Amino acid sequence: MTKWIALVGPEIEENLSLRYIASSLAEHGFPSEIIPFNHDGDFGAAILAIAGAETPPLVVGISLAFQWRARDFLAFAMALRDAGYRGHITMGGHFATFASDDILADYPEIDSVVRQEAEETMVRLAKAIEISSPLAAISGLAYRKDGAVVRTEHPQLPDLAKIPRPDRRGDPAACFGHGIAPLVSSRGCYANCTFCCIAAWQEQSLPGKRYRLREVGDVADEMIELQKTRGIDIFVFHDDNFFVPGHKRNRERLSALADALEARKIGHFATVVKARPTDVDPEVFRILKERLHCIRVYIGIETDADQGLKTLKRWSHSKQNHTAIEIVRKLDLYTCFNMLVFDPDTEIEALETNIQFMRFAPEYPSNFGRVELYAGTPLLARMQQEERCHGDYMQWDYELGSPAIERIFQLSMDAFHVRNFGGDALANRLMGTRFDVEVCRHFHRDVFREEWLDEGKDLNRALSIDTADGLQEIVDWVKTHESSEKDDDFVAQLSARLRKSERDIGHRARNLARILHEAIGIGRPLTEIGDKVATPLQRMMFLDAASGDR
Amino acid sequence: MSADEKKRKLQLMPEVLPDPRLARKDRDARPRERTIEHMKRLLALTASASALAAYSRGYAVVDPL
């Protein structure tokens, strides 16, 4: 390959950001390699993929998909330079867009930042680098010139009807042999939450509106193609928000998509979507479940406290959160949600309201954490103005609203960190186990047993209630113990109990996944079941081979 | 399936929350210095460290803008 582009980023799932860029580059004669950097162990291989290539790439494009991983990817760029790469290195994504000036000031290893959506900018950049033409003519860039950072004009957003569909190289993810593909039917979200970098990013390009849609026919065509060419049965809509403002418009759009899929004779399929609580409507969600075969909807509950809803500017009320859960409960539709129970203004009353919400919806997997301050967001701007945050553009930290809440937060992180964060966190793993159950229920009705769904719900219930109990215990401890002298002992005792619950629930979850695996007999669950368990089909084939029947 | 193959196989990610503790690490050093230390840690971890050493010219601090 004489000229090529290296695209580096997380690829735990198909990285749609990189893959849309890869397609656009290919359309203009630039082949690319997608180089995954998912965790620390990938670092060396990713460097070697570029530094050790026979021909160095024309451009290295790094996807800064998550602000909390910025350090990884900046370290990557540094190491790449140290390994001898002399070509153009660019970075993109929400964080890179907002922090472009700081990144270019602090990291001479980085030559440019692609601001906003990158498909067309990357093509222009590749062409410019190839013929050594000036970068000033490319909109949507930030780069260094004569010691200063130059930002070119704000780019036009790509027309979603015209950009090529994402590159689909490699094998898809799967659950029990059912291919899984991420896709988007829209970009952006109509809401404008204060903590959200997506809203802030989109506001730069589409002030007041912040989203745009693909035609449903085009979406249906993509789904059909994925099903036919890659065996995809499960379509994961990674839209920032799958829904548009207004229930009537949602009914129309979802019905139109279902009509388009039926007209194209799509085979048995399932969808996964994300929603705001205000999007959840009985008729809209009936269409979602019955016609678009949704098997999981992530609902952005975030907080149920009036104070939190105001701080985060969620444009919703506690009643809507409860109604959303009641609607999905009535439809027997699997949902999961997260709760940002700690925010800059949280008081104990608000925290206890959120703990109550966990008890209200325990049969659905959930997790809790703190609102983080992302680059470019109104919440960060507010905290900077109030001089309440400390750190730097890479990561901001802040103390919560009162010493009591800050202490509760610290104790919660000490006790719950293992459960809530990191790849092996049970709160995340249980989302996968429940998904295994739903895939079985949807695609393998012939073998499915209701008791497996009951067990799945029981597991979620067990963890949710245990989490709520543990959090309440921390709140009660702080309320009744003014001194923090014995906090360490308290956390040690609580943590021991939480770890035991996690072992018990985790063990049951693996058992459930193994049972599903045995029953279905194809592929593997999302749940890590550890040992290599031969399926009945594999065992049969082995026996046949051993007996010489083949 | 080997551990490496398992790692490389695409998955369906859960809706993960950011870890608040990441914001509290290494607060004293400036971003670039923190990144240099992080890079060194990552290089030390890599199984390809010996291969990378063949390419390295020795990392020198480059004056930022």
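A salt bridge here is a side-chain nitrogen of Lys or Arg within 4 Å of a carboxyl oxygen of Asp or Glu. Between chain B and chain A there are 6 salt bridges. This is a predicted model, in which local features need pLDDT of at least 70 and side-chain atom pairs count only at pLDDT 80 or more, while totals for chains, interfaces and linings use all residues. Residues are numbered from 1 along each chain as its sequence is written, chains are lettered from A and ligands numbered from 1 in the order in which they are written, and side-chain values use heavy atoms, with hydrogens and water left out.

**Stop 1: chain B alone**

Select chain B and colour by secondary structure. Chain B has 3 helices and 0 strands, in the order α-α-α along the sequence. Helices (H or I, at least four residues) and strands (E, at least two) are DSSP runs, numbered from the N terminus. Of the 65 residues in chain B, 29% are buried. Buried means under 20% relative accessible area, exposed over 50%, and partly exposed in between (1.4 Å probe, protein chains only). The area that chain B exposes is about 4,100 Å², with 54% of it supplied by carbon and sulfur atoms. Accessible areas come from the Shrake-Rupley method with a 1.4 Å probe, and for residues only the protein chains shown count as cover.

Next, select B:Arg30 and B:Leu10. B:Arg30 sits in the loop between H1 and H2 of chain B. It has a relative accessible area of 47%, so B:Arg30 is partly exposed. B:Leu10 is 20 residues from B:Arg30 in sequence, and their C-alpha atoms are 35 Å apart.

**Stop 2: where chain B touches chain A**

Show both chains and select the residues of each that contact the other. This picks out 49 residues from chain B and 79 residues from chain A, contact meaning heavy atoms within 4.5 Å. The area buried between the two chains is about 5,500 Å², and carbon and sulfur atoms give 58% of it. In chain B, the residues that lose the most area to chain A are B:Leu10, B:Leu12 and B:Glu15, together 15% of what that side buries. Buried area is the accessible area (1.4 Å probe) that two parts lose on being put together, summed over both.

Turn to the polar pairs across the interface. Chain B and chain A share 14 residue pairs in polar contact, with both residues at pLDDT 80 or more. A polar contact is a pair of N or O atoms within 3.5 Å; within protein, one must be able to donate a hydrogen and the other to accept it, and residues adjacent in sequence count only if both atoms are side-chain atoms. On the chain B side, the elements that give two or more residues are helix H1 (3-8), helix H2 (31-45) and helix H3 (49-53). H2(B) provides the largest share, 11 residues. By type, the chain B side has 25 nonpolar, 8 polar and 16 charged residues. Ala, Val, Leu, Ile, Met, Phe, Trp, Tyr, Cys and Pro count as nonpolar, Asp, Glu, Lys and Arg as charged, and the others, Gly among them, as polar.

For a salt bridge across the interface, select B:Arg34 and A:Asp392, whose side chains meet at 2.7 Å, N to O.

**Stop 3: salt bridges in chain A**

Over all chains the structure holds 55 salt bridges. Select A:Arg168 and A:Glu14, with their closest N and O atoms 2.7 Å apart in a salt bridge. These residues are 154 residues apart: A:Arg168 is in the loop between strand S7 (148-151) and strand S8 (173-175) of chain A, and A:Glu14 is in the loop between strand S1 (5-9) and helix H1 (16-27) of chain A. Both A:Arg168 and A:Glu14 are buried.

Extend the selection to the salt-bridge network that links A:Glu11, A:Glu14, A:Arg19, A:Arg165, A:Arg168, A:Arg214, A:Asp218, A:Glu222, A:Glu225 and A:Arg230. Within it, A:Asp218 and A:Arg214 form a salt bridge at 3.2 Å, N to O. A:Asp218 is partly exposed at 23% relative accessible area, whereas A:Arg214 is buried at 6%.

Then select A:Glu252 and A:Lys248, a salt bridge with its closest N and O atoms 2.8 Å apart. The two are separated by about one helical turn because they lie 4 residues apart in helix H9 (residues 247-263) of chain A. A:Glu252 is partly exposed at 44% and A:Lys248 is exposed at 53%.

**Stop 4: A:Arg434**

Finish at A:Arg434, in helix H16 (residues 426-443) of chain A. Its relative accessible area is 2%, so A:Arg434 is buried. The A:Arg434 side chain makes a polar contact of 3.0 Å with the side chain of A:Asn460. Beyond neighbours within four places in sequence, A:Arg434 contacts A:Tyr334, A:Glu363, A:Tyr364, A:Pro365, A:Leu453, A:Gly456, A:Lys457 and A:Asn460.
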